[in-house]
Amino acid sequence: MRVTFPRMGALDLTFNTLFKQLGAEVVPPPPATKATLALGVKHAPEFACLPLKLMLGNFIQAVELGADTIVMCGGCGPCRLGHYAQVQQQILEDLGYRARVVVLEASVCDLLPKIRHLAPHKSWREILRAINIAWVKMNASDGIESLMLKIRPRAVKPRAVTEIYEQGLQLLAAAHTVEEIRTAHRETFAAVKALPLRAEKPLLRIGIVGELFVALEPLVNQEIERRLGELQVEVKRTLYVSEWVRSHLLWSRQARKQRRAVKDAAQPYLGHWVGGHGLESIGRTIQLAQAGFDGVIQVLPFTCMPEIVAKSILPQISKDYGMPVMTLVLDEHAGEAGIMTRIEAFVDLLERRRKQEDVRYERIFGS
Amino acid sequence: MPLRIGIPRALLAYYYLPLWEEFFVQLGAEVIISPKTNKELLDGGVELAVDETCLPVKVFMGHVDYLKSRADVLFIPRIVSVEPQKYTCPKLLGLPDMVKSNIANLPVIWGDTVNLSAKRRDLLPVVYRIGRRISPNVVRITQAFWRACRQLRKYECLLRRGNSVEEAYNRLRHRECAPWFWTGLLSPGPAARSNGPSAQVSRPAGSGAPPITVAVVGHAYNIHDTYLSLDIISCLRKMGVNVLTPEMMRRDDITRAVSHLPKQLFWTFCQRIMGTACHYLNNCQQAVDGIINIAAFGCGPDSLVGEMLAKETRRRGQMPFMLLTIDEHTGEAGLLTRIEAFIDMIRWRRQRNACDLSPYGGLGSNI
Ligand code: SF4
Ligand code: SF4
């Protein structure tokens with residue numbers, strides 16, 4: 001059995017570890033490039049959402065490299081994600097690829113037996129150990145990512161931060177035990193902390209909300225976080241896979257509490273979940289506004305249903321809270337230049353607003 | 001003065017209007033229904049809604065805009081689910097909220113949540129909550145609801161007998177349905193035959209040959225909206241073609257027809273579309289000569305269902321299939337030409353009576 005899986009940001013580290021530890025042979029999908037996307041776009045339905053297309057491209061490439069089992073996530077609606085696996089399997093079959101798609105539904109009761117099935121020769125003890133290592137790694141990579149977002153705008157050389165980040169990911173990829181992962185994590189943190197920083201000044205703060213996949217996958221979001229960081233903006237991403245696992249699979253009390261808070265914040269504007277991250281987009285935007293952020297960027301794939309609902313509502317929130325919100329609709333045609341221009345214009349707008357506010361503040365309180 | 005309740009004639013009203021209208025009328029309210037979609041309504045809706053939404057939601061906004069100054073209350077329920085384990089669509093889940101933030105100066109909105117995904121009984125509390133706003137009398141509410149349900153049953157019965165939504169609604173209003181309804185109960189008509197088609201429409205064909213029958217599958221609010229679909233049903237009938245739609249199907253036929261799918265669709269209405277098409281594919285020789293799938297531009301579920309349908313048809317060979325995507329710019333001429341070409345192709349196939357000819361060589365390809 002040669003296993004492959006969808007690629008999403010730095011998540012492949014986790015999956016790679018998980019399946020390796022489970023004793024399966026892993027064929028990680030090659031890093032997504034324009035060619036991957038083109039492949040997916042060519043074979044997927046025209047108006048399917050971007051994640052489906054890119055994942056399909058991943059799968060085709062991986063199957064060509066010899067994978068015969070695809071592990072894919074499922075869902076029970078109402079968003080399209082729940083039917084991805086079936087559609088993708090059909091497309092692959094029609095293209096003449098022989099690969100089995102194993103669908104993991106988002107519940108522990110479904111997950112464990114399927115994982116067991118993937119690793120027939122392992123004891124439960126070993127399986128749990130594998131899951132634990134993967135989980136620690138996921139947390140480590142998310143931790144490194146969120147540190148990057150903090151440091152990048154403050155570093156004298158933002159590029160150096162990106163380099164350390166990449167090195168850190170490599171270290172993590174090479175780590176196989178919990179201890180090694182912790183060490184890699186510590187080393188990366190130390191390297192980042194050693195970087196020379198600029199003199200402290202108040203930075204612009206922008207939150208990123210929207211659909212998980214496009215928020216994580218640098219190929220489709222054109223590395224928006226790095227670009228913002230290099231423009232000296234502190235970015236707060238509200239979406240992490242580890243968060244999702246914590247609240248949907250582990251039911252951790254803290255994550256549930258957070259989810260409830262998000263829901264309550266969204267209540268006046270959106271009274272019901274709408275699948276995907278629609279409700280989170282609304283709730284988080286409000287929370288960010290209340291926390292005094294300068295702006296919010298919503299990223300969504302073209303035709304994404306839950307995010308379209310959110311997009312319809314966001315202008316109202318922006319008006320009520322006096323915080324600019326920009327929406328980036330990403331699709332396979334989204335050009336790098338266009339997005340860059342829009343990001344720069346948005347940052348400019350926020351800077352101007354901040355200056356005006358400072359002036360107003362001085363006028364009121366004098367100096 | 002009685003309370004004026006506005007109901008937009010769009011989206012799920014195509015399925016449930018008789019129920020809602022009868023309920024409110026029985027409770028002594030005045031019901032104002034927006035007119036059939038026309039150019040102004042559509043243009044108004046396109047203006048108000050965000051660009052990325054699907055066409056039917058844009059149209060819905062137009063209807064709401066029309067009603068907002070004419071009614072005291074707008075009835076825009078949040079219909080999450082109408083049967084266990086199934087959902088409608090993320091956009092319908094967020095409908096009242098999208099309306100509130102897209103349209104200014106709205107009257108009161110009754111956006112009650114209807115969620116029957118756990119059990120059907122969950123409808124009753126909603127009914128009483130809504131009813132209580134008009135009349136405190138519980139008996140009266142029960143009676144109104146009972147009558148409304150009866151009305152809905154009659155309506156669905158009329159639909160199953162081959163009426164379009166408009167015809168069924170008009171018949172219902174003019175109380176033409178009573179004899180139909182009862183005869184339906186007394187003698188099992190074509191609708192009750194278990195392995196025959198769920199509905200048969202017999203219309204005089206031009207020549208002596210048996211009339212061509214085409215299944216038009218799509219959301220009722222697309223195919224039965226005479227403006228959006230450019231009245232495809234009458235168009236086809238004028239050509240002497242029998243038209244079958246998902247509304248003319250018995251539910252158990254639908255369930256049976258899709259039982260072979262690896263995963264049941266979790267969108268109620270898409271399940272019906274898929275089921276109708278599969279049902280006719282299963283007994284393709286006797287029942288229909290071709291399938292036309294109407295999808296709205298920007299519709300999320302349709303993008304996947306269309307793909308599944310096309311693949312399903314291709315797999316079974318034989319059946320001519322055409323996908324028509326409608327958007328706000330669909331021109332009458334273009335659509336008509338394509339429909340005519342499709343029907344001509346069917347006629348030609350019949351003449352040649354050539355089952356060995358691939359239906360995909362010519363005009364019937366999945367465009
Ligand atoms: S959240 Fe959006 S992008 Fe993701 S599956 Fe659903 S519709 Fe597609
Ligand atoms: S099912 Fe399609 S057409 Fe209907 S509301 Fe949802 S996206 Fe729009």
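Analyst: Domain bounds in this predicted model come from an automatic or database domain assignment. For chain B, that assignment gives domain 1 (4–182) and domain 2 (195–351). Their centres, taken over C-alpha atoms, are separated by 25 Å.

User: What makes domain 1 and domain 2 of chain B count as in contact?

Analyst: The cut-off is heavy atoms within 4.5 Å. By that test, 34 residues of domain 1 of chain B touch 36 residues of domain 2 of chain B. The two domains are therefore in contact.

User: How do you know where the second largest pocket lies?

Analyst: Look at who lines it. Domain 1 (4–182) and domain 2 (195–351) of chain B both give residues to the lining, so the pocket lies between them. The helices behind the lining are in chain B: α1 (13–26), α6 (123–134), α7 (138–160), α12 (251–257) and α13 (268–282) each supply at least two residues. In total, 30 residues line this pocket. Nearest its centre are Tyr16(B), Val82(B), Leu116(B), Leu123(B) and Leu152(B). The space inside is about 910 Å³.

User: What kinds of residues make up the lining of the second largest pocket?

Analyst: The lining splits into 20 nonpolar, 3 polar and 7 charged residues. Tyr and Leu both count as nonpolar, so Tyr16(B) and Leu152(B), two of those nearest the centre, fall in that class.

User: Why is the space of about 190 Å³ called a cavity?

Analyst: A cavity is a set of points where a 1.4 Å probe fits but cannot get out. The space of about 190 Å³ is the largest cavity. It has 14 lining residues, and the closest to its centre are Glu243(A), Trp244(A), Ser247(A), Glu280(A) and Arg284(A). α12 (241–248), α13 (253–266) and α14 of chain A each supply at least two lining residues. By class, the lining holds 5 nonpolar, 5 polar and 4 charged residues. The count of cavities of 30 Å³ or more comes to 8.

User: How do you know that β5 and β6 of chain A pair?

Analyst: Pairing needs at least two bridges. Strand β5 (residues 204–210) of chain A has 5 bridges to β6(A), so the two strands pair. They run parallel. One bridge sets Arg205(A) against Glu234(A) in β6(A).

User: What makes β6 and β8 of chain A edge strands?

Analyst: The open sheet has 4 strands in the order β6-β5-β7-β8 (chain A), with parallel pairing. β6 (233–237) and β8 (325–330) of chain A each pair on one side only, and these are the edge strands. On average, neighbouring strands of this sheet are turned by 25° against each other, direction ignored. Helix α14 (residues 278–290) of chain A packs on the sheet and touches β5, β6, β7 (295–301) and β8 of chain A. The direction of α14(A) makes about 165° with that of β5(A).

User: Why is one side of β2 and of β4 of chain A left without a neighbour in the sheet?

Analyst: This open sheet of 4 strands has the order β2-β1-β3-β4 (chain A), with parallel pairing. β2 (25–26) and β4 (100–104) of chain A stand at its edges with a single partner strand each, so one side of each has no neighbour in the sheet.

User: How do you know that β1 and β3 of chain A pair?

Analyst: The rule asks for at least two bridges. Strand β1 (residues 2–4) and strand β3 (residues 69–73) of chain A are joined by 2 bridges, so they pass. They run parallel. Val3(A) stands opposite Thr69(A) in β3(A).

Note on methods
Residues numbered from 1 in each chain as written. Chains lettered and ligands numbered in written order. Predicted model: local features only at pLDDT ≥ 70, side-chain atom pairs only at ≥ 80, totals over all residues. Heavy atoms only, no water. 1 Å grid on protein atoms, 1.4 Å probe; cavity = no way out; pocket = protein on both sides within 12 Å on 5 of 7 lines; lining within 4 Å. Points joined across faces, edges and corners; volume = space filled by probe spheres on them. Axes fitted to C-alpha atoms, helices over the stretch in contact; angles between N-to-C directions.
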